[in-house]
Amino acid sequence: MAITLKDPHYRYVLRLADNALVLGHRLTEWSSRGPTLEEVIALSNIALDLIGQARALYGRAVVLGSKGPDEDELVYLRDAHEFLNVQLVERPNGDFAATMARQLCYSAFVVPLWEALARSKDRELAGIAAKAGKECAYHLRHSSEWVIRLGDGTGESHKRMQRAIDDIWMFTGELFEVDDVDCAMIEAGVAVDASALRQSWSETVGDVLTQATLKRPAHEWMISGGRKGAHTEHLGHMLAQMQFLKRAYPEATW
């Protein structure tokens, strides 16, 4: 299904929605597989928060898109190259340390992002952001506690947590990219300058790494392209599972 994304407002909201959906779906893959029952419940609740955010954002995108695709079409009938999420959120879960590293890096970014977007001139988006900010503050606290616990734990847990941070680091730079879509929406008072959030993110993540006795990766080379539809093979595999039912039975209703 071909989708035209000419309106920067529509594209901006869709990027936010795709980030939340893809990460939320990744976390659902931990259902019944977490290290403890308590953690299964916690991860499931975080996943539900993110999918709820995605649902609200897709609803806003549908309104902005006028006669464009509805929510189900946006989620279930787009191919991988039509998704606009950052590559960070599509990374496989890996072991528990890898999941917590990914969650820390994402949550440390979106907490100040949602706080700023709560003042957006798009009042619908501002309302979504106000609620999402409260939810993601918990996500940040939860992932931070686990990174510290694992990093400052046993020799094995420290090694795995450091490896997880090292592996995910190259995917964090894309969070702070600003392109023509962002610039148009910043000028309109709708969006936030993501590059301005880098310092806050760096301080938040750096503080957690220090408490966890972990080293901040030295390399600065970053992967990019997800926000323009260039993804890793992992997103395609995920979508094949997530979209199967809708594509196999297109006329089915819930």
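Angles over 145 degrees between helix axes count as roughly antiparallel. Keep that cut-off in mind for the opening stops. The model on screen is predicted.

**Stop 1: helices α1 and α2**

Select residues 8-28, which form helix α1. Add residues 37-64, which form helix α2. The two helices pack with their axes 8 Å apart. The angle between them is about 155°. α1 and α2 are therefore roughly antiparallel to each other. Their crossing is left-handed.

What kinds of residues make up the contact of α1 with α2? Nonpolar residues number 19 there. Five polar residues and two charged ones complete the contact.

**Stop 2: the loop after α1**

Now move to the loop between α1 and α2 and pick Ser 32. Is Ser 32 buried or exposed? Its relative accessibility is 67%, so Ser 32 counts as exposed. Check the backbone as well. Most residues other than glycine have a negative phi. Ser 32 has a positive phi, near 70°.

**Stop 3: from α2 to α5**

Keep α2 selected and add helix α5, residues 123-151. The axes of α2 and α5 come within 10 Å. They cross at roughly 160°. The cut-off from the start applies again: α2 is roughly antiparallel to α5. The crossing of α2 and α5 is left-handed.

Stay on helix α5 and select Ala 130. With a relative accessible area of 37%, Ala 130 is partly exposed. Now add Ala 116, which is 14 residues from Ala 130 along the chain. The C-alpha atoms of Ala 130 and Ala 116 are separated by 9.0 Å.

**Stop 4: two cysteines**

Select Cys 105 and Cys 136 and show their sulfur atoms. A disulfide is a covalent bond between the sulfur atoms of two cysteines. For a pair to count here, the sulfur atoms must lie within 2.5 Å. How far is the sulfur of Cys 105 from the closest cysteine sulfur? The distance is 14 Å, to Cys 136, and that is too far for a bond. Look from the other side too: Cys 136 is in no disulfide, and its nearest cysteine sulfur is that of Cys 105. The count for the structure comes to zero disulfides.

Are these cysteines buried or exposed? Cys 105 has 0% relative accessibility, so Cys 105 counts as buried. Cys 136 is buried too, with a relative accessible area of 0%.

**Stop 5: the aromatic rings**

Next, show the aromatic side chains. How many aromatic pairs does the structure hold? There are five. Begin with Trp 169 and Trp 201. Their ring centres are 5.4 Å apart. Their planes stand at 45°, so the pair is tilted. Trp 169 sits in the loop between α6 (155-168) and α7 (180-187). Trp 201 belongs to helix α8. The pair links distant parts of the chain, 32 residues apart. Both Trp 169 and Trp 201 are buried.

Keep Trp 201 and add Phe 176. The ring centres of Phe 176 and Trp 201 are 5.3 Å apart. Their planes stand at 70°, so this pair is edge-to-face. Phe 176 is in the loop between α6 and α7, while Trp 201 is in helix α8. These two are 25 residues apart, and their pair also links distant parts of the chain. Both Phe 176 and Trp 201 are buried.

Add Phe 109 to the view. Which residues do the ring pairs link into a cluster? They are Phe 109, Trp 169, Phe 176 and Trp 201.

**Stop 6: the loop after α8**

Follow the chain out of helix α8 (198-211). Select Thr 213, in the loop between α8 and α9 (233-242). Thr 213 is not a glycine, yet its phi is positive, near 55°. Its relative accessibility is 43%, so Thr 213 counts as partly exposed.

**Stop 7: helix α10**

Finish at helix α10, residues 244-248, and pick Leu 245. Relative accessibility is 44% here, so Leu 245 counts as partly exposed. Then select Tyr 76. Along the chain, Leu 245 and Tyr 76 are 169 residues apart. In space, their C-alpha atoms are separated by 8.8 Å.

Note on methods:
Residues are numbered from 1 along each chain as its sequence is written. This is a predicted model: local features need pLDDT of at least 70, side-chain atom pairs count only at pLDDT 80 or more; totals for chains, interfaces and linings use all residues. Side-chain values use heavy atoms; hydrogens and water are left out. Axes are lines fitted to C-alpha atoms, for helices over the stretch in contact, and angles run from 0 to 180 degrees between N-to-C directions. Helices (H or I, at least four residues) and strands (E, at least two) are DSSP runs, numbered from the N terminus. Angles under 35 degrees count as roughly parallel, over 145 as roughly antiparallel, 65 to 115 as roughly perpendicular and the rest as oblique. A crossing is left-handed if the near helix is turned anticlockwise from the far one by less than a right angle, and right-handed if clockwise. Ala, Val, Leu, Ile, Met, Phe, Trp, Tyr, Cys and Pro count as nonpolar, Asp, Glu, Lys and Arg as charged, and the others, Gly among them, as polar. Buried means under 20% relative accessible area, exposed over 50%, partly exposed in between (1.4 Å probe, protein chains only). Rings of Phe, Tyr and Trp (its six-membered ring) pair if their centres lie within 6.5 Å; planes under 30 degrees apart count as stacked, over 60 as edge-to-face and the rest as tilted.
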